[in-house]
Amino acid sequence: AITKAFWKEAVVYQIYPRSFKDSNGDGIGDLPGIISKLDYLQDLGITVLWLSPVYKSPNDDNGYDISNYEDIMDEFGTLADWENLLEGLHARGIKLMMDLVVNHSSDEHAWFLESRKSKDNEYRDYYIWRTSNEENTPPNNWSSAFSGPAWQFDEATGEYYLHIFSKKQPDLNWENPKLRHAIYDMMRFWLDKGVDGFRMDVINFISKADGLPSAGTEKLAWGGDYFMNGPRIHEYLQEMNHEVLSHYDVITVGEMPGATVEQAKKYTGEDRHELQMVFQFEHMDIGSGPGGKWDLAPWTLEDLRSILHKWQVGLAEEGWNSLYLNNHDQPRMVSRFGNDGEYRLESAKMLATLLHTLKGTPYIYQGEELGMTNVTFTSLDQYKDIEILNMYQEKVVEGGADHAAILEAIHVKGRDNARTPMQWDGTPNGGFTEGTPWIEVNPNYKEINAELALQDPNSVLSYYKQLIALRKKSPIMVYGDYELLLPYHDSIYAYTRTLEGEQWAVLLNFFADSVEIPDELGIDLGGKEVILSNYPTEGREMNLLRPYEARIYRIQ
Ligand code: TEU
Ligand code: CA
């Protein structure tokens with residue numbers, strides 16, 4: 001039986017506030033800036049806004065290091081501004097999903113300032129402190145996601161604290177029920193203000209293995225086996241659901257690096273009473289060699305399709321998929337999975353067709369609807385992201401790696417690709433700010449911006465509006481069963497969606513060469529209606545897909 005829900009029918013738009021719209025000329029995006037663009041979001045047709053963190057923060061990791069969970073970052077505005085934003089969204093029928101960052105806080109949070117004062121401080125166990133049994137050696141060999149060890153020695157009490165991310169992001173101790181209940185109180189604070197849900201930052205990291213064992217024998221190694229999907233994660237999420245989430249009509253998505261389909265069933269099964277969906281990362285890890293994301297490697301359609309297919313089939317009867325190809329941590333999808341040169345428009349629309357016709361809830365990252373591209377900054381000091389800067393320091397400055405090779409890897413995979421300011425129009429700084437932007441605007445803003453797109457019926461933006469409008473009047477796009485066609489084709493990804501006798505077929509050419517649709521498709525396309533395509537009708541040859549051509553057929 002199909003259980004209908006607003007969060008299954010939703011189209012979510014993610015805003016990275018620092019880079020969306022600056023209203024006061026300080027070069028930093030802010031809440032009033034977002035408010036000035038609510039009509040743009042309503043016109044696009046999105047139904048939920050995921051707002052990356054806007055809480056008080058020293059911005060070591062651009063807001064993912066929170067120093068006060070119940071107040072607004074100075075640069076972004078005030079709680080009153082936030083109330084105005086929520087009111088403006090709800091007045092337009094758009095729900096607000098806030099970012100819940102509770103695997104760690106900022107080291108400037110009051111809890112941590114107390115915790116580090118003494119070993120018997122009442123907040124000591126809000127964080128993860130360990131002594132070391134060897135001089136100048138951390139308690140285990142875990143590496144940080146932002147380079148170096150995941151432990152920081154603190155003079156005041158002569159112990160180390162754990163930080164999987166930056167040293168200014170100490171991990172919270174979820175073993176401590178007082179901490180857990182303080183988090184639940186904070187969640188209620190926002191839900192009682194009218195927030196409609198949460199995106200939960202690395203939420204499958206919050207349960208660490210007993211004893212915090214080292215990962216193998218290397219000096220430094222990723223300890224993910226001991227904190228991803230850990231021993232008490234389901235207990236914690238079920239407690240969070242029981243204590244908080246089950247009392248509200250919310251949308252929830254857990255960001256879960258390292259989660260498998262089997263694990264996702266346990267996180268999102270409706271009878272599990274945990275979360276509604278997860279952001280999995282398997283498809284984000286293609287195009288990487290054994291050295292990880294910075295070790296560039298080619299990828300094939302089969303690499304991408306096999307993963308997306310596995311998740312479509314895996315969560316068909318239990319759980320629900322999120323559908324995304326980029327966000328504030330990933331390069332721009334048209335550059336990574338499409339073609340940001342000659343076929344930028346066609347490939348951006350083809351990828352959008354994929355995200356909106358697979359089964360699951362699609363997430364649009366700001367600027368994706370314009371076909372915004374990666375940026376190729378020539379100098380390192382144009383980059384701001386702590387992950388990029390720490391990696392460069394470790395690999396080039398300390399490790400002697402080749403500057404040009406690492407800069408190329410940053411061009412392909414760096415998070416700042418997604419963090420250059422939203423391109424609103426052709427005025428200086430793309431209309432993002434009248435001041436000096438905190439990070440430079442992509443120089444292609446004169447050709448790629450919302451003002452041009454709004455006037456162009458063939459723009460990527462116009463195509464997104466058509467996809468979203470189609471979704472709102474077509475239950476088959478949300479609830480139809482997915483079945484793969486052409487399982488092994490090296491350039492066409494094709495599948496059907498079927499609901500109560502109605503059937504659509506989606507055909508996507510993933511590359512720049514025209515390609516014959518083979519008979520193996522098993523469906524006679526003759527006379528069938530093309531509901532939507534990224535190419536005009538004229539010039540269409542039934543059995544030939546042009547470069548990056550996407551077609552949605554009504555079969556029955
Ligand atoms: O990201 C977690 C995460 O896994 C990313 O760091 C990702 O692995 C990496 O950036 C890919 O190179 C979340 C937030 O989305 C990210 O912005 C934060 O930096 C991180 O957690 C810490 O809060
Ligand atoms: Ca500002």
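## Around the ligand

Let's start with the company ligand 1 keeps: sorted by class, its shell holds 9 charged, 5 nonpolar and 3 polar residues. Bear in mind that this is a predicted model. In total, 17 residues surround ligand 1. The closest of them are Asp61, Asp201, Lys293, Asp329 and Glu387.

And where in the protein is all this? Ligand 1 sits in the largest pocket.

## Polar contacts and cover

A few side chains are worth picking out by name. Glu387, already listed among the closest residues, has a polar side-chain atom 2.8 Å from an oxygen atom of ligand 1. Two histidines turn up here as well: His104 places a polar side-chain atom 3.0 Å from a ligand 1 oxygen, and for His328 the distance from a polar side-chain atom to an oxygen of ligand 1 is also 3.0 Å.

How much of ligand 1 does the protein bury? On its own, ligand 1 exposes 490 Å², and 92% of that is buried by the protein.

## A look at Val313

Now for another residue, Val313. You'll find Val313 in helix 9, which covers residues 301–314. Why does Val313 count as partly exposed? Its relative accessibility is 47%, and the partly exposed class runs between the under 20% of buried residues and the over 50% of exposed ones.

Val313 also has a partner from elsewhere in the sequence to look at. Along the chain, Val313 and Glu483 are 170 residues apart, while their C-alpha atoms are separated by 8.2 Å.

How values were computed: Residues are numbered from 1 along each chain as its sequence is written. Chains are lettered from A and ligands numbered from 1 in the order in which they are written. This is a predicted model: local features need pLDDT of at least 70, side-chain atom pairs count only at pLDDT 80 or more; totals for chains, interfaces and linings use all residues. Side-chain values use heavy atoms; hydrogens and water are left out. A residue is near a molecule or strand if one of its heavy atoms lies within 4 Å of it. A polar contact is a pair of N or O atoms within 3.5 Å; within protein, one must be able to donate a hydrogen and the other to accept it, and residues adjacent in sequence count only if both atoms are side-chain atoms. Accessible areas come from the Shrake-Rupley method with a 1.4 Å probe; for residues, only the protein chains shown count as cover. On a 1 Å grid over the protein atoms alone, a cavity is a set of points where a 1.4 Å probe fits but cannot get out, and a pocket is an open set with protein on both sides within 12 Å along at least five of seven lines; lining residues have an atom within 4 Å of a point. A molecule sits in a cavity or pocket if more than half of its atoms lie within 2 Å of its grid points. Ala, Val, Leu, Ile, Met, Phe, Trp, Tyr, Cys and Pro count as nonpolar, Asp, Glu, Lys and Arg as charged, and the others, Gly among them, as polar. Helices (H or I, at least four residues) and strands (E, at least two) are DSSP runs, numbered from the N terminus. Buried means under 20% relative accessible area, exposed over 50%, partly exposed in between (1.4 Å probe, protein chains only).
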